[in-house]
Amino acid sequence: MTLTRREVAAGLAVGLMAPYLIGRAKAQGATIKIGMCAPVTGPAAESGGYAIKGAKLALEAVNKAGGVLGRPLELIVEDDQTTNPGIVLAFSKLAAQPDIVAFLSSVRSTQVHAMAPDALKLGKPVMFGGTDPNLTKLGNPWLFRFRPNDSYSGRVIADYGVNTLGKKKWAVLHSTDAFGTAGGKALSEALGKLGAPPLLDQGYANQSQDFTPVVLAIKSSGADILGSYFTFENDLGIFARQLRQLGVTIPWVGSPSITNVTALKLAGPALYGTYGVADYAEDSSDAAKAFGKAYRDAVKVAPDNQSSWPFDAVTVLAAAINKAGSTEPGKIREAILATKKFPGAEGEYNFDDKGDGLHGYNIVKNDKGSIVFDKHIEFTD
């Protein structure tokens, strides 16, 4: 399953890879249904809207090219309310529909953890975007990650801050949920291996309204660089504004949320000059550029990883079902795991036996509100 760079760009620009994946079969008959849990309401409703649009963009391209196994795809969305109980309820509603063959879960690790036992019990493929490394170590054969996990993001943040920016006095800030705890640990461990253990390892509670104590702790730590893992963009926006208001101007390298469209809107100039690890960076590949153009044309806003991973998940899933020649769960699972050198919007997918498809990150910079690609760092170990 390999394409030249020219073929990838052409396929994405015209049909977003669907002609290659589907073989231009004529769609007919009953739909093949995919379920999606997404935050239609709650604090992440805006980013949830982007995720749904990314999934629908892929679905529309697949159907335009002929569908899957000669049948059109259909997306069934349930509101996860941006909460753990909400996603459990949303998934149970979708799982109760026997004609749904696979699912898209959350971008938030804590929510994926909450519904993972039900996914194991159901026994159908679940694509997700949460980055907690532990999610693919649960012994659950039905979970497939469409973003790099935080064992890679921590290493990339540390590598870039120490070796490119030349900073060794770190403050590490992270949420205390599953995502933030795992990310903060990965970053601290990576810094330790580079001879720069953090001076401050600071947790915070999600949905905080005042980060003044956290900012003051960073200011008094003596750190000359900040590394962060924020779960919610609204928290990041509040923190960024208070950080600047209290005069902290040290370099800041954050997890992917620092590059999200919602965060950029909330924080504005407070994020100018910051760096982030980004699984999706528009200038990182031909496939990413083509997705960016298609998404802008359809949605009229810049894409980010909220929309790119669901797009890739639907696209890879369509290819896997066609390769399997069946909607039988075990055959779809085998086909996803066999996916190698697959050019997606987020990067080249090479699934390992744990269900991780991507193994590196892009470094980007906020240049007065525009996210600019710097470099890609890939790990093979």
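The following questions and answers go through a sheet, two cavities and a pocket in a predicted model.

Student: Which strands form the open sheet, and in what order?
Tutor: The strands of a sheet pair through backbone hydrogen bonds, and this can happen in a parallel or an antiparallel way. In this model the open sheet holds 7 strands with mixed pairing, and neighbouring strands are turned by 20° against each other on average, direction ignored. The order of the strands is β7-β6-β8-β9-β10-β13-β14.

Student: Which strands stand at the edges of this sheet?
Tutor: An edge strand of this sheet has a single partner strand, so one side of it is left without a neighbour in the sheet. One such strand covers residues 200-204 and the other residues 370-378. These edge strands are β7 and β14.

Student: Is strand β8 largely enclosed or largely open, and how many of its residues are buried?
Tutor: In a regular strand the side chains alternate between the two faces of the sheet, so each face can be considered in turn. On one side of β8 the buried residues are Ile225, Gly227 and Tyr229, while on the other side they are Leu226 and Ser228, and both faces are therefore covered. Strand β8, residues 225-229, is largely enclosed by the rest of the structure because the number of its residues that are buried is 5 of the 5.

Student: Which residue of β9 is the bridge partner of Ser228?
Tutor: Strand β8 runs parallel to β6 (residues 170-175), to which 5 bridges join it, and in that pairing Leu173 has Ser228 as its bridge partner. β8 also pairs in the parallel sense with β9 (residues 252-254), here over 3 bridges. In β9, the bridge partner of Ser228 is Gly254.

Student: Through which helix does the chain cross from β8 to β9?
Tutor: The connection between β8 and β9 is a β-α-β crossover, and its hand is right-handed. The helix that the chain passes through covers residues 233-245, and its name is α9.

Student: In what sense do β13 and β14 pair, parallel or antiparallel?
Tutor: Strand β13 covers residues 360-367 and is joined to β14 over 8 bridges. One of the residue pairs in this ladder is Ile363 with its bridge partner Lys375 in β14. The sense of the pairing between β13 and β14 is antiparallel.

Student: What volume does the largest cavity have?
Tutor: A search of the whole structure finds 2 cavities of 30 Å³ or more. Of the 15 residues lining the largest cavity, those closest to its centre are Val107, Arg147, Phe179, Phe230 and Thr231, and by class the lining has 4 nonpolar, 8 polar and 3 charged residues. The volume of the largest cavity is about 160 Å³.

Student: How many charged residues are in the lining of the second largest cavity?
Tutor: The second largest cavity holds about 90 Å³ of space, and Pro39, Ala51, Ser106, Val107 and Gln306 are the closest to its centre among the 15 residues that line it. At least two lining residues come from each of β1 (32-38), α3 (45-65) and α12 (305-324). By class the lining has 8 nonpolar and 6 polar residues, and the number of charged residues is 1.

Student: Which element gives the largest share of the lining of the second largest pocket?
Tutor: This pocket has a volume of about 440 Å³, and among its 17 lining residues Ser151, Arg155, Lys185, Ala186 and Glu189 lie nearest its centre. Two or more residues of the lining come from α6 (150-164) and likewise from α7 (178-193). The largest share, 7 residues, comes from α7.

Terms used:
Residues numbered from 1 in each chain as written. Predicted model: local features only at pLDDT ≥ 70, side-chain atom pairs only at ≥ 80, totals over all residues. Heavy atoms only, no water. Buried < 20%, exposed > 50% of the residue type's maximum accessible area, 1.4 Å probe, protein only. Helix = DSSP H or I, 4+ residues; strand = E, 2+ residues; numbered from the N terminus. Pairing = 2+ DSSP bridges. Right-handed = clockwise from strand over helix to strand, strands pointing away. 1 Å grid on protein atoms, 1.4 Å probe; cavity = no way out; pocket = protein on both sides within 12 Å on 5 of 7 lines; lining within 4 Å. Points joined across faces, edges and corners; volume = space filled by probe spheres on them. Nonpolar A, V, L, I, M, F, W, Y, C, P; charged D, E, K, R; others polar. Axes fitted to C-alpha atoms, helices over the stretch in contact; angles between N-to-C directions.
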